[in-house]
Amino acid sequence: MKENCELNEVDLDLPMMEERTFVFSLESENKVAVVLDASTSGASRTAIRTFVLDLAVKVSPNQYFSLWFLGSQERYSLQDAALHLDQWFNQNLDRLKLIGPILESLTSRGEVATIVIAGEGPIFDLADWESENIFQRVHFLGGSSTSLSEGKFPEKELSADKFLRTLNSPVLQAKIVGSSFIPLGWDENVWEWDGLTLAAKRTTSNLANGSVRLLCPENTQPQLHLLQRNQKNQTLELFATSETGTSADWYSLPANEATALLKSLNGQEFDCLKCGQKHPAMQFRCYEGTSILGKPIFASFAGEQCFVLLRETSNGVDWKPYRGQGLRLSESRVWMNCDLLSGIYIFQDGHWILQRDNVECNVYKLEFFGGEDGRFYAVKL
Ligand SMILES: [Zn+2]
């Protein structure tokens, strides 16, 4: 067994890392901003009116639609359109045909929405937004002779049914992308990690809801990228919660386990609680007997799958389970347990890199842990 490894922080220019659990729902976070052109009249106006009123009736309760008018930052409710749509058109008659105010309003609220623009004739400021990479989630609907984007983007028919079919097209591919994250906990039935991205398994039919726990530089926002059967890409926002991989409770180890474990953690041989013989420090399984895989020496956490956390106290040793495939050891180091990608990852030049030359240990001292005092260890069982 290897010695308890020490970690040395060297790089002081590292960004602060935040451990956050992100939840997503492909249904309820399906936000759509419907942007109307109030300058239309006659048949075009009638077609837009029909489209909006039809949408209001047909959208699923899980989808969140907001209504906007070109040139204005005011947000209207699709549900109220049946009563107020004509009045809203009149309020917005004299607006300039600009998409900027709506995009600015959505961006300032951190809202990632599918955008559908219904109208006719060119929008004046589309070119200003070309570098923002938003047009992959914009649908232009019109079908009149004068295009909203002057022919730059395809324009589709103003039909609520057809638009909703596009929106609800099955997801073929889903992956979580972001600058420099490393996943700490994920559902292995749903996601696969390849060392860089977390991608949904092809066999996953139901990706409707879920959560992943990621470690990423603060102020970065990972996103969920979707490719739908209709070849449309969608980007969904992930929402952070405060959930972590550890429970709040520590459990105290029985005295005989604590005595053996303290010796072990302090680098000494200890008397095995299973076979009674001396075992070297940092050993957590007993290989005496017939089982090649060995048996857990410490009965208290024998049922745990991967990592446990230990705390030396004045009375002995406390422990708690850790849920997840990745455990944060320090500001810039993560201990991963996932088959071939297992090992210590170090954050360098904006990426998490597996240290292949590091000798892997089964115990690390935790230099900091939730701001609590005491001596903390992480153990891989
Ligand atoms: Zn033993």
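**Strands, helices and cores in a predicted model**

Alanine 33 stands opposite isoleucine 115, a residue of strand β5. This pair belongs to the contact between β2 and β5, two strands that run parallel and are joined by 5 bridges. The structure described here is a predicted model. Its chain has 381 residues, of which 30% count as buried, and it contains 5 helices and 28 strands. Among contacts between residues at least 6 apart in sequence, 65% join residues at least 24 apart.

Strands β2 and β5 are part of an open sheet of 6 strands with mixed pairing. The order across this sheet is β4-β3-β2-β5-β6-β7. At its edges stand β4, residues 76-77, and β7, residues 155-157, and each of these pairs on one side only. On the side away from β2, strand β5 is next to β6 in the order of the sheet. Strand β5 covers residues 114-118 and β6 covers residues 138-142; the two pair in the parallel sense over 4 bridges. Two residues of β5 illustrate this pairing. Isoleucine 115 has valine 138 of β6 as its bridge partner, and isoleucine 117 has phenylalanine 140 of β6. Isoleucine 115 therefore has a partner in β6, valine 138, as well as alanine 33 opposite it.Strand β5 is mostly covered, with 5 of its 5 residues buried. The burial extends to both faces of the strand: Thr114, Val116 and Ala118 lie on one side, and Ile115 and Ile117 lie on the other.

Helix α1, residues 42-58, lies across three strands of this sheet, namely β2 (31-36), β3 (64-69) and β5. The helix runs at about 160° to β2. Arginine 45 lies in α1. This arginine is classed as partly exposed because 18 other C-beta atoms lie within 10 Å, whereas 20 or more are needed for a residue to count as buried. Arginine 45 and glycine 119 are 74 residues apart along the chain, and their C-alpha atoms are separated by 8.0 Å.

Helix α2 spans residues 81-91 and contains phenylalanine 89. With 20 other C-beta atoms within 10 Å, phenylalanine 89 is buried. Its C-alpha atom is 5.4 Å from that of alanine 38, although the two residues are 51 apart in sequence.

Helix α3 spans residues 100-108, and Ile102, Leu103 and Leu106 in it are buried. These three residues are on the same side of α3, because they cover an arc of only 95° around the axis. Strands β2 and β3 are included in what covers the buried residues of α3. The helix is followed by glycine 110, which has a positive phi, near 70°.

Nonpolar side chains tend to be buried together in soluble globular proteins. In the present model, the largest nonpolar core has 52 residues, and Val334 and Ala378 are those with the most contacts inside it. At least three residues of this core come from each of domain 1 (17-25 + 170-241) and domain 3 (251-380). Another core, of 37 residues, lies apart from it and includes Leu55, Ile99, Ala113 and Ala118. Of these, Ala118 is also one of the buried residues of β5. In the largest core, alanine 378 is one of the two residues with the most contacts. When its neighbours within four places in sequence are left aside, alanine 378 is in contact with Phe307, Leu309, Leu327, Leu329, Trp335, Tyr364 and Leu366.

A further open sheet has 4 strands, in the order β23-β24-β25-β26, and its pairing is antiparallel. Strands β23 (326-330) and β26 (351-354) stand at the edges; each has a single partner strand, so one side of each is left without a neighbour in the sheet. From one strand to the next, the twist averages 30°. Strand β25, residues 343-348, runs antiparallel to β26 and is joined to it by 4 bridges. Here phenylalanine 347 stands opposite tryptophan 352, a residue of β26.

Terms used
Residues are numbered from 1 along each chain as its sequence is written. This is a predicted model: local features need pLDDT of at least 70, side-chain atom pairs count only at pLDDT 80 or more; totals for chains, interfaces and linings use all residues. Two strands pair if DSSP finds at least two bridges between them. Two residues are in contact if their C-beta atoms, placed from the backbone, lie within 7 Å. Axes are lines fitted to C-alpha atoms, for helices over the stretch in contact, and angles run from 0 to 180 degrees between N-to-C directions. A residue is buried if 20 or more other C-beta atoms lie within 10 Å of its own, exposed if 12 or fewer, and partly exposed in between; C-beta atoms are placed from the backbone. A nonpolar core is a set of buried Ala, Val, Leu, Ile, Met, Phe, Trp, Tyr and Cys residues joined through C-beta atoms within 7 Å. Domain bounds come from an automatic or database domain assignment. The arc is that of the directions from the helix axis to the C-beta atoms.
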